[in-house]
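Please find below my notes on this model, set out as numbered points. They can be read alongside the sequence and the coordinates.

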Amino acid sequence: MRVLCSLVALSLAGCALKAPPAHDDLAQQATPNLKVPAQWAEPAVAAEPVRAGWLASFSDPQLEALVRESLEYNPDLRIAAARVEQAAGYVKAAGATLYPQVTALARGGGALSGDSSGLQGAGIFANWELDLWGRVRSGREAARTQHASSALDAEYARQSIAALAAKSWFLATEARLQKAIAEEMTAAAERSLGLAQERLRVGRGDESDVTLARAGLAIYRDSVRNLEYAYRQSVRALESLAGRYPAGALAVPAQLAPMPGPVPAGMPSELLERRPDVVAAERRVAAAFYGVEEAKAARLPRISLTAAVSSISSELFVLKDRDNPVLSAGAAITAPLFLGGQLQAQIDIRTAEQKQAVAEYARVGARAFSEVESALAAGLTLEDREAILRDAVAENTRALEFTNVRYRVGVGDLRAVQQQSLALSAARTALVRVQAERLVQRVNLHLALGGGFEGRP
């Protein structure tokens, strides 16, 4: 009994588990050639920390409602949530053997029992493995950190779906605006055709201008049909994202949302501790670390305590010197002697998995920095391009007015009008494209920085 008490006390004390690599140590090990600067390479507002609630900064209630709908009904998020529940179950299963395992066994039938022994009775049996070397606890910690990783992956999936919904919303609005520009240019081409036909009727024009006008009108009509298809496809993508039937019936705004103000980008050194996908990768490194510790502890002996209470009787035999019920207790030790290198192979496998997890952490971390810098650079470039294209649209509009006047008074020809119309159409199309892309890159910046979309800025 003293031996059993000593084993129980030793089990409760146990061997303390080793801690996985600290954040700074892991970053140094994973990315030895990556020196994180004090400031972002691209110009950014770094004086303030990254704030949550970026969705509300666009001041679009329709967009906010669409994001909520996408989060509720998107099948990818339901899959991620199920994986979190699955990981939680693995945590419970991994730590179950830390507690005594109790089972019950009963047998009846008397003389009619299957082996004709007439034995009948019942018993309760308990077995408790003393986790002296931390094998079970390491397995439980591996499952816990994997569960944390799954939860963080699910959170990043939510942020990604919200960002995708916002970007798709802006792109669908852009498609509608591009279609409207093509329709306006088609109407202008129809007016040019009418003017060419009138000039031909009064003898001031020729058949060549009418043919050119008809050809230009056909090109614009084809553009309208193509953009109509693109618009409906973008709307269907939004509906599918929200779990709706892709009927192409969702209404999107006729104008793009105004560009919000500057975004605080915080410090580069804070990024790896804020983004859910990076922290999830760090948790996977910890899970792999505990997996190695579990494999190492599996080489050591396993000590178990057993206890039982049972009562057995027989209608055919007299059980000699047996009192019912019977109480018993004991201990068992199992030590691996020769398994053909199986245990060492498990250690090698888990070590390789840990190396993979560290490399994956390095990949995710490097990608996070790249995404922030790319989004910052794109935002600045697109801002400059928008200003340039606004001037281009204004100048091309004036030039088209002059060209139309020259054609009406007979100084110019229709070809010049068509060329100038195409130049104006290209400038307007490029301007809308840049304005939509600025909004898209703003969303990309929020996602890259790891600021949540919920809450108010």
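1. Glutamate 395 and arginine 398 form a salt bridge through their side chains, with an N to O distance of 4.0 Å. Because the two are three residues apart in helix α8, about one helical turn separates them. An α-helix has 3.6 residues a turn, so residues three or four places apart point the same way. Glutamate 395 is partly exposed at 48% relative accessibility, and arginine 398 is partly exposed at 45%. Note that this is a predicted model.

2. A salt bridge within α9 joins glutamate 437 to arginine 433, the closest N and O atoms being 3.3 Å apart. These two residues are four apart in the helix, about one turn. Arginine 433 is partly exposed, its relative accessible area being 31%. Elsewhere, salt bridges with shared partners link Arg275, Asp277, Arg367 and Glu371 into one network.

3. The search of the whole structure gives 24 salt bridges. One of them pairs glutamate 69 with arginine 244, with 2.7 Å between the closest N and O atoms. Glutamate 69 is in helix α3 and arginine 244 is in the loop between α6 and α7, so the pair ties together parts that are 175 residues apart in sequence. Glutamate 69 counts as buried at 19% relative accessibility, because the cut-off for buried is under 20%. Arginine 244, at 36%, counts as partly exposed.

4. Helix α5 covers residues 135-202, which is 68 residues. From first C-alpha to last it reaches 99 Å, close to the 100 Å expected at 1.5 Å a residue. Just after this helix, glycine 203 has a positive phi of about 90 degrees. Helix α9 has 36 residues and reaches 52 Å between its first and last C-alpha, close to the expected 52 Å. Glycine 450, just after α9, also takes a positive phi, here about 85 degrees.

5. Which residues have the most contacts inside the largest nonpolar core? They are Trp54, Leu63, Val67, Trp169 and Phe170, in a core of 55 residues. Helices α3, α5, α6, α8 and α9 each supply at least two residues of this core. The largest share, 17 residues, comes from α5. Leaving aside neighbours within four places in sequence, leucine 63 is in contact with Leu55, Phe58, Ala165, Ala166, Trp169 and Phe170. A second, separate core has 26 residues, including Val278, Ala288, Ala362 and Leu445.

6. Arginine 135, in helix α5, counts as buried at 15% relative accessibility. Its contacts beyond four places in sequence are Glu129, Glu294, Ala297, Ala298 and Arg302.

7. Serine 304 is in strand β3, residues 302-314. This serine is buried, with 15% relative accessibility. Not counting residues up to four places away in sequence, serine 304 touches Asn127, Trp128, Glu129, Leu130, Gly330, Ala331 and Ala332. Serine 304 and leucine 193 are 111 residues apart in sequence, and their C-alpha atoms are 95 Å apart in space.

8. On the surface, Val405, Val409 and Val411 make a nonpolar patch of about 260 Å². Valine 405 belongs to helix α8, residues 342-408. Is valine 405 buried or partly exposed? With a relative accessible area of 45%, valine 405 is partly exposed.

Definitions and conventions. Residues numbered from 1 in each chain as written. Predicted model: local features only at pLDDT ≥ 70, side-chain atom pairs only at ≥ 80, totals over all residues. Heavy atoms only, no water. Expected span 1.5 Å × (residues − 1). Patch = residues over 30% accessible without salt bridge, like charges linked within 9 Å, V, L, I, M, F, W, Y side chains within 5 Å. Areas by Shrake-Rupley, 256 points an atom, 1.4 Å probe, with all protein chains shown as cover. Buried < 20%, exposed > 50% of the residue type's maximum accessible area, 1.4 Å probe, protein only. Core = buried A, V, L, I, M, F, W, Y, C linked by side-chain atoms within 4.5 Å. Contact = heavy atoms within 4.5 Å.
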